[in-house]
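This report introduces a structure to a reader who has not met it before. The sequence and the model are shown first, and the description follows.

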Amino acid sequence: MSTVGKTITCKAAIAWEAGKDLSIEDIEVAPPKAHEVRVQIYYTGVCHTDAYTLSGKDPEGAFPVVLGHEGAGIVESVGEGVTNVKPGDHVVALYTPECKECKFCKSGKTNLCGKIRATQGKGVMPDGTSRFRARGKDILHFMGTSTFSQYTVLADISVVAVQPDAPMDRTCLLGCGITTGYGAARITANVSEGDSVGIFGAGCVGLSVILGAIANKAGRIIVVDVNPAKEEWARKFGATDFINPNDLKGQSVVDKLIEMTDGGCDYTFDCTGNVSVMRAALEACHKGWGESIIIGVAAAGQEISTRPFQLVTGRVWKGCAFGGVKGRSQLPGLVSDYMNGNLKVDEFITHRKTLPQMNAAFEVMKSGDCIRSVVDMRNLDA
Ligand code: NAD
Ligand code: AHE
Ligand code: ZN
């Protein structure tokens, strides 16, 4: 029986309150309105930003909400006026949409799209309402994606169709972590051949910065992590050097990097979210031209600081969301790169979970041995 135009009742992991476990329960998902798309989510990754929002520390976080922003699935139905995807298309959810019409999209200078950012930040669809209801209450959307529900509704500009033969348990990870690091190296920094690169933090994001740096033919790729187990990960992904700041016997990590690179790195990346690390990453850049890219999401209320002299003497501090990647224009290319064997994805998956095991996926993220969990949203085994 067709579900088109009808409310679908399915399972979702709902965050009712900050700091509490998600609750796996029934949710009603209304049909898509004009310029909206309803997607059956097959697989979702779990990102630290989901955990950050669940902790209640995100200034934009509001509850009750369906979290999740690293999802892949199949279009179930589309609202009036949708032309970019159709039922049956295999898609990846885009928390950074691309309308191709707004000042941001037309600037050619950024991947940030302004069209629906205000409503997305408030947890509602562009018309100001929610498509989710549970226990008789409206439930908020998250990052325009809400991939922790078996069905979700997104703005059409927040969805991109990808080749149908690409496995969705892998393409979901291109919805955030891998694309973010890879794009940060290739697009935001635009690392050049032979450049020295310092990467702080070897999680999913830092490891994908390594891949982007290699694709752009970087020279030395130095990874810094306080977890000694990350040395093996970093080297497996192609890092040339690894530093554990705790092994430096009094020397600062900044001085170590400056010593190793004859004056400092051409590019550094913060992939930790720690503001002290962000400062070290900037100060480990080469005088005159070194650029440091902030990717990590810092805890609420945290601020970055450095001596202005660091910038006066030519270092550049910048940052990016989703690696500077324009989702609708560029994500299908990354999927092809993966399918052609030119971009690692499988290697990031350390854990697999079912929807009822969603809280366990959050738990394992706290351990040092999780790079990414992929949650099978159709599997209801506890
Ligand atoms: P992760 O926790 O898996 O990896 C972080 C790594 O940093 C870990 O290996 C940890 O050991 C290391 N680390 C922690 N403190 C350190 C220190 N003082 N010095 C050196 N290393 C240290 O996280 P992830 O999934 O790779 O994400 C990294 C950050 O990026 C998070 O803050 C996440 O929220 C953020 N993020 C941002 C975007 C974006 O678009 N800007 C997208 C995805 C994730
Ligand atoms: N809402 C938070 C900031 C969280 C944040 O920085 N989100 C990143 C994506 S992290 C993905 O894992 C992002 O896209 N930022 C750009 C944007 O427009 O949200 C806050 O501090 O208010
Ligand atoms: Zn994320």
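## Terms and status of the model

Ala, Val, Leu, Ile, Met, Phe, Trp, Tyr, Cys and Pro are counted here as nonpolar; Asp, Glu, Lys and Arg are counted as charged; the others, Gly among them, are counted as polar. With these classes, the shell around ligand 2 consists of seven nonpolar, two polar and three charged residues. The model is predicted.

## The surroundings of ligand 2

The residues that surround ligand 2 are Cys47, Thr49, Asp58, Pro59, Glu60, His69, Tyr95, Arg117, Met143, Cys176, Val297 and Ala321. Polar side-chain atoms approach the ligand at several points. Thr49 places a polar side-chain atom 2.5 Å from an oxygen atom of ligand 2, and an N or O atom in the side chain of His69 is 3.2 Å from an oxygen atom of the ligand. For Asp58, the partner is a nitrogen atom of ligand 2, at 3.0 Å from a polar side-chain atom. Ligand 2 taken alone exposes 530 Å², of which the protein buries 69%.

Pro59, one of the residues around ligand 2, is situated in the loop between H1 and S4. With a relative accessibility of 71%, Pro59 counts as exposed, because the limit for that class is over 50%. Its C-alpha atom is separated by 9.0 Å from that of Gly301, although the two residues are 242 residues apart along the chain.

## The surroundings of ligand 1

Ligand 1 has 26 residues around it, and those that come nearest are Val205, Asp225, Lys230, Ile295 and Phe322. By class, this shell contains 15 nonpolar, eight polar and three charged residues. Oxygen atoms of the ligand have polar partners in the protein. A polar side-chain atom of Lys230 is found 2.6 Å from an oxygen atom of ligand 1, and a polar side-chain atom of His48 is found 3.0 Å from an oxygen atom of ligand 1. Val297 takes part through its backbone, with a polar atom 3.1 Å from an oxygen atom of ligand 1. Taken alone, ligand 1 exposes 860 Å², and the protein buries 84% of that area.

Two elements, helix H1 (48-54) and H6, give two or more residues to the shell around ligand 1. Where does ligand 1 lie with respect to domain 1 and domain 2? Both domain 1 (8-175 + 345-376) and domain 2 (180-321) contribute residues to its shell, so ligand 1 lies between them.

## The nonpolar core

The largest nonpolar core comprises 102 residues, and Phe269 and Met358 have the most contacts inside it. Helix H6 (residues 204-215) gives the most to this core, with six residues. Domain 1 and domain 2 each supply at least three residues to the core. In soluble globular proteins, nonpolar side chains tend to be buried together.

A charged residue can also be buried, as Glu70 shows: its relative accessible area is 0%. Glu70 belongs to strand S4, and its side chain makes a polar contact of 3.1 Å with the side chain of Arg372.

## Backbone features in the loops

Most residues other than glycine have a negative phi, and most peptide bonds are trans. Against this background, three places deserve attention. The peptide bond from Phe63 to Pro64 is cis, with omega near -5°, and Pro64 is located in the loop between H1 and strand S4 (70-78).

Lys100 has a positive phi, near 70°, and is located in the loop between strand S5 (90-93) and helix H2 (103-107). Ser146 also has a positive phi, near 45°, and is part of the loop between strand S7 (137-139) and strand S8 (151-155). Are these residues buried or partly exposed? Lys100 is partly exposed, at 45% relative accessibility, whereas Ser146 is buried, at 0%.

## A further loop position

Trp289 is placed in the loop between helix H9 (275-283) and strand S14 (291-294). Its relative accessible area of 49% makes Trp289 partly exposed, because a residue counts as exposed at over 50%. From C-alpha to C-alpha, Trp289 and Leu311 are 9.7 Å apart in space, and they are 22 residues apart in sequence.

Notes: Residues numbered from 1 in each chain as written. Chains lettered and ligands numbered in written order. Predicted model: local features only at pLDDT ≥ 70, side-chain atom pairs only at ≥ 80, totals over all residues. Heavy atoms only, no water. Near = heavy atom within 4 Å. Polar contact = N/O pair within 3.5 Å; in protein donor to acceptor, adjacent residues only side chain to side chain. Areas by Shrake-Rupley, 256 points an atom, 1.4 Å probe, with all protein chains shown as cover. Core = buried A, V, L, I, M, F, W, Y, C linked by side-chain atoms within 4.5 Å. Buried < 20%, exposed > 50% of the residue type's maximum accessible area, 1.4 Å probe, protein only. Helix = DSSP H or I, 4+ residues; strand = E, 2+ residues; numbered from the N terminus. Domains from an automatic or database assignment.
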